[in-house]
Amino acid sequence: MIITYFSGRKKVFPKAYGKDKLKDGNISRCREANRDVGMGYSIAAMLAFQKSEYFPSHDELTTAPSKEDLLLQQFQKWKDSGKNDTAFVYRMELVTFFAPLMDLYYKSIKNTQGLAREAVWMALLPVFLAMKKKNYFCEGLCFVVNFSCAWPLALRRMLQQNCSVNLQGKAGCALALDEWVESVLVKPLKMYVSARTTLKVLQ
C-alpha cells in the first residue's frame with residue numbers, strides 16, 4: 001500500500017490481464033507490474049546470494065583479475081546449489097529467463113528492434129508448448145520458420161524495420177502493431193459507436 005501510494009500507480013487486478021486488457025491504460029500498467037515482479041525477484045535473488053557462503057569476500061574481490069567474472073562464477077555455483085529445490089529452481093527461472101525475456105520483448109517493441117523480437121519468439125516456442133498454448137505455438141512456429149528459412153532476406157529486413165508503429169517519431173516510443181490497431185483505431189471506433197447506439201437514440 002505504501003509503495004502504491006507514493007509511486008502513484010493504480011493496483012492491477014486480474015481482469016486487467018483478461019477482458020479489460022485494453023481499457024484505461026491497462027496494457028502499460030500490466031507491463032509495469034510484470035516488470036516490477038521480475039525486478040523484485042531479481043533483487044531478492046541478489047540479496048540471498050550476497051548472504052550465502054558463495055559470495056566472494058572483500059579480499060577475493062580486490063585481488064580478482066575480473067570482479068565481474070568472479071561474481072558470475074560464484075553466482076552460478078550458488079544457483080546450482082539449489083537445483084534439487086523445486087521452488088528455488090522455479091523462482092530462479094523468473095530471474096534468469098522470464099524477466100529478461102519479457103524486458104527484451106518490450107524493448108524490442110519500443111525501439112523497433114526486429115531482430116530482438118525474432119529472438120524472443122524463438123525462445124517462447126517451448127514455453128507455449130509447456131503451457132499447452134497450441135494456437136500461440138503454431139503461429140510462433142510459422143513465424144520462426146518463415147523468417148529463418150522461407151522469406152527472402154529483403155522481406156525479413158523490411159518486417160524487422162517495421163515491426164512497430166511510432167506515432168511520435170521519438171526513440172523508445174513505438175507501439176506493437178496489434179496494440180496500435182486496438183488503441184488508435186478499434187477503441188475510438190467502439191467508443192464512437194457505443195455513444196450513438198443507446199436505447200434513447202434507438203427509440
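Select W121, F128, Y136, F143, F147 and W151, which form one aromatic cluster; rings of Phe, Tyr and Trp (its six-membered ring) pair if their centres lie within 6.5 Å, with planes under 30 degrees apart counted as stacked, over 60 as edge-to-face and the rest as tilted. The model is predicted, so local features need pLDDT of at least 70 and side-chain atom pairs count only at pLDDT 80 or more, while totals for chains, interfaces and linings use all residues. Residues are numbered from 1 along each chain as its sequence is written, and side-chain values use heavy atoms, leaving out hydrogens and water.

Within the cluster, zoom in on F143 and F147, both buried (under 20% relative accessible area, with over 50% exposed and partly exposed in between; 1.4 Å probe, protein chains only). Both lie in helix α7, four residues apart, about one turn of the helix; helices are DSSP runs of H or I, at least four residues, numbered from the N terminus.

Next, select L101, V120, L124, L125, V127, F128, F137, F143, V144 and F147, the ten residues of the largest nonpolar core, a core being a set of buried Ala, Val, Leu, Ile, Met, Phe, Trp, Tyr and Cys residues joined through side-chain atoms within 4.5 Å. Helices α6 (114-130) and α7 (134-150) each supply at least two of these residues, and α6 gives the most, with five.

A second, separate core of seven residues includes A45, F49, F75 and F88. Colour helix α2 (residues 26-51) to find F49 again, since the buried residues of α2 include A45 and F49. F49 itself has a relative accessible area of 4%.

Note on methods: Helices (H or I, at least four residues) and strands (E, at least two) are DSSP runs, numbered from the N terminus.
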